[in-house]
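Biologist: Before the details are discussed, may I ask that each term be justified against its criterion? Please begin with the contacts to DNA.

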2 protein chains.
Amino acid sequence: MKQITIKDVAKKLKCSVSTVSRAFNDKYDIRTETRELILKTATEMGYRPNPIARKLIQQRSFNIGVVVPEFINSFFPEVIIGAQEVLHEQGYQVLIMQSNESSELELKNVQTLLNNMVDGILISLSSETDNMDFYLNAIKEKMPMVFFNRVVEGLPASKVLFDDYKWAFFATEHLIMQGYKDIVHLIGSKDLTLTKNRTKGFEDAHRKHKLSPGKSEVAGFSMNSGECFIEKRIEENSLPQAILASSDPCAIGVMKILKANGFNVPNDIAVMGFSESKLAEHVAPPLSSVEQPTYDMGRTAALLLLEQIKNKGLFVPQSIVLNGRLNIRESSMKL
Amino acid sequence: MKQITIKDVAKKLKCSVSTVSRAFNDKYDIRTETRELILKTATEMGYRPNPIARKLIQQRSFNIGVVVPEFINSFFPEVIIGAQEVLHEQGYQVLIMQSNESSELELKNVQTLLNNMVDGILISLSSETDNMDFYLNAIKEKMPMVFFNRVVEGLPASKVLFDDYKWAFFATEHLIMQGYKDIVHLIGSKDLTLTKNRTKGFEDAHRKHKLSPGKSEVAGFSMNSGECFIEKRIEENSLPQAILASSDPCAIGVMKILKANGFNVPNDIAVMGFSESKLAEHVAPPLSSVEQPTYDMGRTAALLLLEQIKNKGLFVPQSIVLNGRLNIRESSMKL
DNA sequence: TTGTAGGCGTTATCAA
DNA sequence: TTGATAACGCCTACAA
């Protein structure tokens, strides 16, 4: 796409490039008539300032990068849409990159975004990521960055989190109250803060009801991970009474295999999801799940990021914890 | 993030910037030892060439932009993952932008991507888009661009399509064979090629079976659009015998409202989706749908784009039509 | 094999 | 109010 440059416009109008530049950046002195003339002919010629060159000299792009571990499920897309709402309003465009739960690809994505000089980054870590060196360094170098949902401990950065402890506690308690005792908690990834909090909530709920703390087991977040877990358990003939899954897709995977093997949910075994997805109410049986405020999470993260961009250099990292809701449906209700 | 520039490296090593540059672009003569020394110290210093500056001079970025109308449903994410597979392999990074089914935002997205000088664009149009001027112009200016899934007629560009005619035909025929006669076809957007093809298939299936061609009605692609449509029909007491929806989410919306109003699917009314989503087999009742090769669509589009980038200027637009499959489940089977 | 210098398309700082 | 010119960080003839 051959560019028409500022020079072409200047030549045509027999004025200097700086005058043209001024016409496009209305903070400088310029006669109104000349500005209008320039703007008019420039548009006619199809000229638009080249943002690459602009970025090179201004060191800002009005682009924000978002990195997510996956977007097959509606969770992350919803968060992104929330973020877009507030960012678009402030004149920012949103570039999305997806890391396929691979820490290597995630790193590449972040670097690509930095390379393209986005003004800030919203990121949710992949389940694989454990080395934080790159991020620590980026933070030290004052790159505006907000972590959401999937974060790790001890990162001196702003974060938007969900109250995983509380809702894992309530979800577990609900299962206990329904009479299920031998409960397995599936976790998506060991290192994430979210996992630690959920596990703690899961165990504390057991303690409160004088039960020996149940077991947590690493599975993954995907539908496939749920399938694998439960297949193994069926094979081993060691089914628990209930399962608190790492995510809705994971829960649905579990239910699928259970049904395929002739088990009844919730009578033989109860299943609960996490992070309510669009699917939950439509699957059979309808899936109980913990609902998270996805759009809000995106909006909040975006606001934190904008603030950080504004106060570059002198900002205090803050963590915001969002509340949720328990949606009880058939999959966890003893008949 | 303060950049370490090529100058810093040159200064430190007491050599010229061009030598450093050469070390990073191994097509020039340079002594192996000096190259290695430079590369080593450069990495130590944390230097990486600034792609912005590089782009400015090289006019290419090894970035590909993808614009989709939505990504709440798994369809587009799957296509993107397919495209990423082949693009990553060739050293390209993939930047995704989402237009929320808004043609205005879509245009902004494309412009942002062009501004950031992506080497090419994969795009699926929003349901709102009808003005093609911008795209026609971009094509004329040789911007590598491949349209997939949601395209319009008469665009002199490469396209990857699904065989909507054929599978709308088979889907309709299946409904007819099951004994449903009064069938309504929900369409997502008037202007898209896909709509025209599906409508034709829908009508031809009626003709083949000597039925008066059924009605197509604009609804939209979303779950919400399905809900609205069927709510109105219930209110008007004008329910058809079967519905061929514009998408799975749309079909699920229809089923949800029907169930909520005490209707039985498929006995009172049959429902079929389109573009099989992960949800189809898990909803109740399991949803019949037309399965499309999403990953393949992404891969194919990416390959066409790469070819177009390589042969910039002298390429012949081609359309590739992909095949699909009918997944018959309970929602469309008369008991 | 290496260095010098001009240019990619802008904006910013001076003078005029 | 406008114009010349030096940056921004890099690549690449050309000269050395």
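Modeller: In this predicted model, a phosphate oxygen of DNA strand C is 2.7 Å from a polar backbone atom of A:Ile6.

Biologist: What makes that pair at A:Ile6 a polar contact?

Modeller: The criterion is a pair of N or O atoms within 3.5 Å. The pair at A:Ile6 is 2.7 Å apart, and therefore it qualifies under that limit. For A:Lys7, a polar side-chain atom lies 3.4 Å from a phosphate oxygen of DNA strand C, so this pair also falls within 3.5 Å. A backbone N or O atom of B:Arg31 lies 3.1 Å from a phosphate oxygen of that strand.

Biologist: Which elements give two or more residues to the surface near DNA strand C?

Modeller: They are α1 (6-13), α2 and α4 of chain A, together with α2 and α4 of chain B. The largest share, five residues, comes from α4(A).

Biologist: What makes a residue count as near DNA strand C, and how many residues are around it?

Modeller: One heavy atom of the residue must lie within 4 Å of the strand. There are 29 residues around DNA strand C, and A:Ile6, B:Ser18, B:Thr19, B:Arg22 and B:Ile57 come nearest. By class, this surface divides into eleven nonpolar, ten polar and eight charged residues. Of the strand's atoms within 4 Å of the protein, 63% belong to sugar or phosphate and the rest to bases.

Biologist: Which contacts of DNA strand D involve a phosphate oxygen, and which a base nitrogen?

Modeller: A phosphate oxygen is 2.3 Å from an N or O atom in the side chain of A:Thr19, and a phosphate oxygen is 2.9 Å from a polar backbone atom of B:Asn50. A base nitrogen of DNA strand D lies 2.5 Å from a polar side-chain atom of A:Arg22. The limit is 3.5 Å, so the pairs at A:Thr19, B:Asn50 and A:Arg22 qualify as polar contacts. To the surface near DNA strand D, α4(B) gives the largest share, four residues.

Biologist: Why is the relation between chain A and chain B called a two-fold axis?

Modeller: Chain A superposes on chain B by a rotation of 180° with 0.1 Å of shift along its axis, at an RMSD of 0.2 Å. That is the relation of a two-fold axis, which is why the name applies. In chain A, the C-alpha nearest the axis belongs to A:Val283, 2.1 Å away from it.

Biologist: How do you know that the same surface serves both copies?

Modeller: Of the contact residues of chain A, 100% recur in chain B.

Biologist: What makes an empty space a cavity, and what makes it a pocket?

Modeller: A 1.4 Å probe fits in a cavity but cannot get out, whereas a pocket is open. The structure holds five cavities of 30 Å³ or more. The largest cavity contains about 150 Å³ of space. Its lining has 13 residues, and A:Ile72, A:Ser74, A:Leu279, B:Ile72 and B:Leu279 are the closest to its centre. The largest pocket has a volume of about 1,300 Å³. The pocket is lined by 40 residues, of which B:Gln3, B:Arg48, B:Pro49, B:Asn50 and B:Pro51 are the closest to its centre.

Biologist: Which element supplies the largest share of the lining of the largest pocket?

Modeller: That element is α4(B), with six residues.

Notes: Residues numbered from 1 in each chain as written. Chains lettered and ligands numbered in written order. Predicted model: local features only at pLDDT ≥ 70, side-chain atom pairs only at ≥ 80, totals over all residues. Heavy atoms only, no water. 1 Å grid on protein atoms, 1.4 Å probe; cavity = no way out; pocket = protein on both sides within 12 Å on 5 of 7 lines; lining within 4 Å. Points joined across faces, edges and corners; volume = space filled by probe spheres on them. Least-squares fit on C-alpha atoms with pLDDT ≥ 70 in both. Contact = heavy atoms within 4.5 Å. Polar contact = N/O pair within 3.5 Å; in protein donor to acceptor, adjacent residues only side chain to side chain. Nonpolar A, V, L, I, M, F, W, Y, C, P; charged D, E, K, R; others polar.
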